[in-house]
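Here is a set of short exercises to work through with the structure open beside you. Try each task on your own, then read the solution below it.

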Amino acid sequence: SSSLPLGPASSVPRTFFFCATNCFSTNMRSLLCALSLLALAACVLALPVVHDVKSIFRADAPCRRPPAAANYTLQKYAGLWYEIGKIQTAGGAFFEKDCVCTRLQVTPSATTPGDAQASNICRYKTPSGRLVVANGTLIANASDPGHYIQEFNKLGPKVAYNVIYLENDVSVEYDCFEQFGITNYCFHVLSRTPELSSTQINTVLALVPKYDLNPNNLPFVMSKQANCPPPQ
């Protein structure tokens, strides 16, 4: 989001009044104040014209809440998934920018029915790079299967985690969180195999406009799965 240099403009009235009341005490002060007034006037004229004041403070579009995949169960979603591609804002992309061979391992909780651990696993920069793992906890909504709250730690943001497609060994997960007026979201296309046909990819990408999941109009980026070592 953009911002305008409002600070100088807010000080204009006070400075203008001070100069106007003191400009005539001496010839020198009069000259200096006149020059100051001209400089301040130039600053005001240089400020951009704001036709819509609300646009200065407008927050990002809020997170969407698409329906969960039909007949979703954790048993169907559990296991290993390969990331085929994604649409992702800068917040998530910052942490995953050096990842290749990205996979997701979903493991149902042994102690809390419905909950699970989602392990995001990748290689750093190259298929032979070091293994990077980020474990998140999926907290289930018992009345709304397929919708979770994801936590990576107790102090971090709570992320809305939604499994919105799950069939024929293909799944789509859309996650999103809002903080300080900024919305970060990601649309992950996942497969039980490292490759997926363009027809299947286009099928699930149709969910994006259907549920308005990409308000920033970001591109779909294919993940690098070539020459990756087998899962450990």
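Arg-65 is exposed, its relative accessible area being 54%. Keep in mind throughout that this model is predicted.

**Exercise 1. Find the acidic partner of Arg-65 and say which parts of the chain the pair links.**

Step 1. Look for a carboxyl oxygen close to the side chain of Arg-65: the salt bridge is with Asp-144, and the closest N and O atoms are 2.5 Å apart.

Step 2. Place both residues. Asp-144 sits in the loop between strand 4 (131-140) and strand 5 (147-151), while Arg-65 belongs to the loop between helix 3 (27-46) and helix 4 (74-77). The pair links distant parts of the chain, 79 residues apart.

Step 3. Assign the exposure classes. Arg-65 has 54% and the cut-off for exposed is over 50%, so Arg-65 counts as exposed. Asp-144 has 25%, which makes it partly exposed.

**Exercise 2. Work out which residues join Lys-86 in a network of salt bridges, and whether Lys-86 is buried or exposed.**

Step 1. Start with one pair. The side chains of Lys-86 and Glu-96 meet in a salt bridge, at 2.9 Å from N to O. Since Lys-86 lies in strand 1 and Glu-96 in helix 5, this pair ties together parts that are 10 residues apart in sequence.

Step 2. Widen the view: Glu-83, Lys-86 and Glu-96 are linked in a network of salt bridges.

Step 3. Check accessibility. Lys-86 is at 13% and buried means under 20%, so Lys-86 is buried. Glu-96, at 24%, is partly exposed.

Step 4. Add another pair to your list: Asp-98 forms a salt bridge with Lys-97, with 3.2 Å between the closest N and O atoms. Lys-97 is exposed at 56%, and Asp-98 is partly exposed at 24%. The count for the structure comes to 6 salt bridges.

**Exercise 3. Describe the second largest pocket: how much space lies in it, and what lines it?**

Step 1. Take the volume, which is about 270 Å³.

Step 2. Go through the lining. It is made of 17 residues, and Lys-86, Gln-88, Glu-96, Lys-97 and Val-221 lie nearest the centre of the pocket.

Step 3. Name the elements that give two or more residues to this lining: strand 1 (79-88), helix 5 (90-96), strand 2 (99-108) and strand 9 (221-222).

Step 4. Sort the lining by class, which gives 7 nonpolar, 3 polar and 7 charged residues. Link this back to Exercise 2: Lys-86 and Glu-96, the salt-bridge partners, are among the residues nearest the pocket centre.

**Exercise 4. Classify the aromatic pair of Tyr-72 and Tyr-148, then find the cluster that holds both.**

Step 1. A pair of aromatic rings is described by the distance of the centres and the angle of the planes.

Step 2. For Tyr-72 and Tyr-148 these values are 6.2 Å and 80°. An angle over 60 degrees counts as edge-to-face, so that is the class of this pair.

Step 3. Locate the rings. Tyr-72 is in the loop between helix 3 and helix 4, and Tyr-148 is in strand 5, so the pair ties together parts 76 residues apart in sequence. Tyr-72 and Tyr-148 are both buried.

Step 4. Compare with Tyr-77 and Trp-81, whose ring centres are 6.0 Å apart with 35° between the planes, making this pair tilted. Tyr-77 and Trp-81 are both buried.

Step 5. Put the pieces together: Tyr-72, Tyr-77, Trp-81, Tyr-148 and Tyr-161 form one aromatic cluster. The structure holds 4 aromatic pairs.

Step 6. Look above the ring of Trp-81, where the charged end of Arg-192 sits 3.7 Å from the ring centre. Elsewhere, Arg-130 lies over the face of Tyr-124, at 4.6 Å from the ring centre.

**Exercise 5. Explain what is notable about the phi angles of Asn-71 and Lys-125.**

Step 1. Recall that most residues other than glycine have a negative phi.

Step 2. Read the angles. Asn-71 has a positive phi of about 60°, and Lys-125 has a positive phi of about 70°. Neither residue is a glycine.

Step 3. Place them. Asn-71 is in the loop between helix 3 and helix 4, and is exposed at 64%. Lys-125 is in the loop between strand 3 (116-124) and strand 4.

Note on methods
Residues are numbered from 1 along each chain as its sequence is written. Side-chain values use heavy atoms; hydrogens and water are left out. On a 1 Å grid over the protein atoms alone, a cavity is a set of points where a 1.4 Å probe fits but cannot get out, and a pocket is an open set with protein on both sides within 12 Å along at least five of seven lines; lining residues have an atom within 4 Å of a point. Grid points are joined across faces, edges and corners, and a volume is the space filled by probe spheres set on the points. Helices (H or I, at least four residues) and strands (E, at least two) are DSSP runs, numbered from the N terminus. Ala, Val, Leu, Ile, Met, Phe, Trp, Tyr, Cys and Pro count as nonpolar, Asp, Glu, Lys and Arg as charged, and the others, Gly among them, as polar. A salt bridge is a side-chain nitrogen of Lys or Arg within 4 Å of a carboxyl oxygen of Asp or Glu. Buried means under 20% relative accessible area, exposed over 50%, partly exposed in between (1.4 Å probe, protein chains only). Rings of Phe, Tyr and Trp (its six-membered ring) pair if their centres lie within 6.5 Å; planes under 30 degrees apart count as stacked, over 60 as edge-to-face and the rest as tilted. A charge sits over a ring if NZ of Lys or CZ of Arg is within 6 Å of the ring centre and within 35 degrees of the ring normal.
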